[in-house]
Amino acid sequence: MSSSYYITTPIYYVNARPHLGHAYTTIVADSLRRFHELLGQRTWFVTGTDEHGDKIVQAAEAAGVTPQAFVDGVSGQFRALWPKLGIRHDHFVRTTDAAHKAVVQAFLGRVHAAGDIYFGEFGGHYCTGCERFYTEKELEDGLCPQHKTKPEFIRERNYFFRMSKYLPWLADHIRKHPDFIRPERYRNEVLAMIESGGLEDLCISRPKSRLEWGIELPFDRDYVCYVWFDALLNYISALGWPDGEGYDAFWPGEHLVAKDILKPHAVFWPTMLKAAGLPVYRHLNVHGYWLVRETKMSKSLGNVVDPLAVAERYGLDAFRYFFLRDMQFGADASFSEEALIARINADLANDLGNLFSRVLSMAAKYVDSRVPDVALDGANLSEDDKVLLELAESAVRNYVQLFDNVRFSQALDALWELVRALNKYVDVQAPWALFKAGNMDRLTVVLRLMLECMRKVAVWLWPVMPGTAAAMLEQLGQPLPASERFGSAPAPERAEALRWDELTPGAALAPSSNLFPRLEAPAEQKEQGEDRAAGKGKAGREKAGQGKSGRENNAGKACAASPETPGEASFADFQKIDLRVGTIVAAEKHPDADKLLCFQVDLGEEAPRQILSGIAEHFTPEELVGRQVCVVANLAPRKIRGRVSQGMILTAEHEGGLSLLAPGGLVPGGSRIS
Ligand code: MSP
């Protein structure tokens, strides 16, 4: 592993405001940089804006301002957005910076002096949208394949970079370095592009008579530099090439782009570097598009999503998590609020949030919210503990390896194996039973082990969800250092993955945790979603029952029969009823029935269950949230006024009205009543 790590995003055109697609690339770059910081590497992260070319001139004209005023404005919007999305770049590069211009001219001078730039005449189909010439062969029905517009045929004298000279070397380099361009599908695409023989030398100038808004060629003042040749050089101008300290420390780095700009990054850029005698980048990481309603976002289709609005509405870290978890890196993905809500509820509210809330509230009850002072040294570990530790170590190892290979979705899934295992471990170890039995030795080991594993989860989530990770660590009595940087503390990957006793014994834990409240599905999704959830909940319960006894499997039938048989019940009959303590985590009035309240009840399962109860005349929804209740948990699901109820809340009727049955003191959701 190299001691330094340099990551870049594309520098974005300033002819449009930043949208969800730009935010994705920049958030991924930020996460990658934080991840490498966590590995103990020295990191550098550059983003910026691409401000030359025809497109910008046209946009400025349309806005009625000078190109410089125009680019200053939009570049400022990009720069102001990133910190609001938790992005911490080290340098913001602009192609109109004097330092960048000087680098472009020095680079052009070097390649020209080496004989790889020549003057010639050229005729081609020019697309302003792409800022490039197309050959006849590349057009589709005479139209630009990207913009579906008719390009203008232009014949003019220009400067050319001898790109074709370096193509055999490039193909060889790609073959010898399998992850130079990744994922593989893009590597194959580039190899096919080179092998097709369709690539020629690259026209790198525009006559000033046609376009003035660019960087002047150092060897001919009548020409400006082609925008792509200029833009790609940002990756080294940002490091102060040729003799800046940053260049020495961080080049070669790696790039992050979407598939739309594969060719300039995979073909133009490495050949440019080779011609100038510079080392090529380590990796080109190529992702797909975020689609909205199955199409790429575009202003004209009116489906452009504002990333800040999404982050403000759903929480920045949840949004960042969704981005990395829901896109298989390399493939396209669909963005929708429904998908975002489903992901937040399943992974963050249920799995992660629930884990923190359960364990911390148990620690409050049983060990006075202090990290138990007990060594996890093998002698006091049970078989279950050892299995959990092994699983935790392999989950973290897989996470690190997958993240390093830009397979973010799989990496997070690997980490979630640990989150899910921890939730299961709580159920199996039943700390409440250990407490009841006065087995404090075992209880403290169980709690300490879970807290240590939760610390692992928090640390490794920091690249993706920096704010939440900081909150989780704080709740675990281990706040991040004020600098909020891990890089300063050497954390070599293996040592980090294998160390387990990092918490400070006696440190104060948070008495409770509510990291991710469950979100409501948008109105039109509700009915459908609930039906699905009912099916899922049932399947989940059946699965949960597998490890217990067969009696739960036909319990629905038994419960349905019981109201009609008020006579004597055998003990076996009674045993068929699964009574549990539940915690009401959300409550609302049924939209179509005055007497009904709809509850989300936490029974210590994967997800809270929906249970309907006809008690609206006695209680308001608000007063019941947080209350514990007794629930018949194995009642067959029933649909009541369009909503599925998965259980029954027990009440006692008396002269004064109606009371909810509840345990005498606070107990974990899901505790069995017998
Ligand atoms: N200025 C050039 C890049 C020069 S880099 C030397 C450019 N700019 S751009 O503003 O069009 O940005 C393109 C990039 O924005 C994509 O490669 C990708 O990183 C991001 N995205 C734009 N739309 C996107 C989606 N719909 N989905 C995912 N990423 C998207 O090209």
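These are my notebook entries on a ligand site and a strand sheet in a predicted model.

**Conventions.** I worked on a predicted model, where local features need pLDDT of at least 70 and side-chain atom pairs count only at pLDDT 80 or more, while totals for chains, interfaces and linings use all residues. Residues are numbered from 1 along each chain as its sequence is written, and side-chain values use heavy atoms, with hydrogens and water left out.

**Ligand shell.** I looked up the residues near the ligand (a heavy atom within 4 Å). There are 23 of them, and Ile 11, Thr 25, Asp 50, Asp 260 and Trp 290 come nearest. I noted 13 nonpolar, 8 polar and 2 charged residues in the shell; Ala, Val, Leu, Ile, Met, Phe, Trp, Tyr, Cys and Pro count as nonpolar, Asp, Glu, Lys and Arg as charged, and the others, Gly among them, as polar. Strand β1 (4-13) and helices α1 (20-38), α7 (227-232) and α8 (234-237) each supply at least two shell residues (DSSP runs: H or I of at least four residues, E of at least two, numbered from the N terminus). The largest share, 4 residues, comes from β1.

**Polar contacts.** I then listed N or O pairs within 3.5 Å.
- A backbone N or O atom of Ile 11 is 2.8 Å from a ligand nitrogen.
- A polar side-chain atom of Thr 25 is 2.7 Å from a ligand oxygen.
- A polar backbone atom of Ala 258 is 3.0 Å from a ligand oxygen.

The protein covers 95% of the 680 Å² of accessible area that the ligand has on its own (Shrake-Rupley, 1.4 Å probe).

**Sheet.** I traced an open, antiparallel sheet of 5 strands, ordered β19-β18-β17-β20-β23 (pairing needs at least two DSSP bridges). Because β19 (609-613) and β23 (648-649) each have a single partner strand, one side of each lacks a neighbour in the sheet. Strand β18 (597-602) is joined to β19 by 5 bridges, and Gln 600 has Gln 610 of β19 as its bridge partner.

Notes: A polar contact is a pair of N or O atoms within 3.5 Å; within protein, one must be able to donate a hydrogen and the other to accept it, and residues adjacent in sequence count only if both atoms are side-chain atoms.
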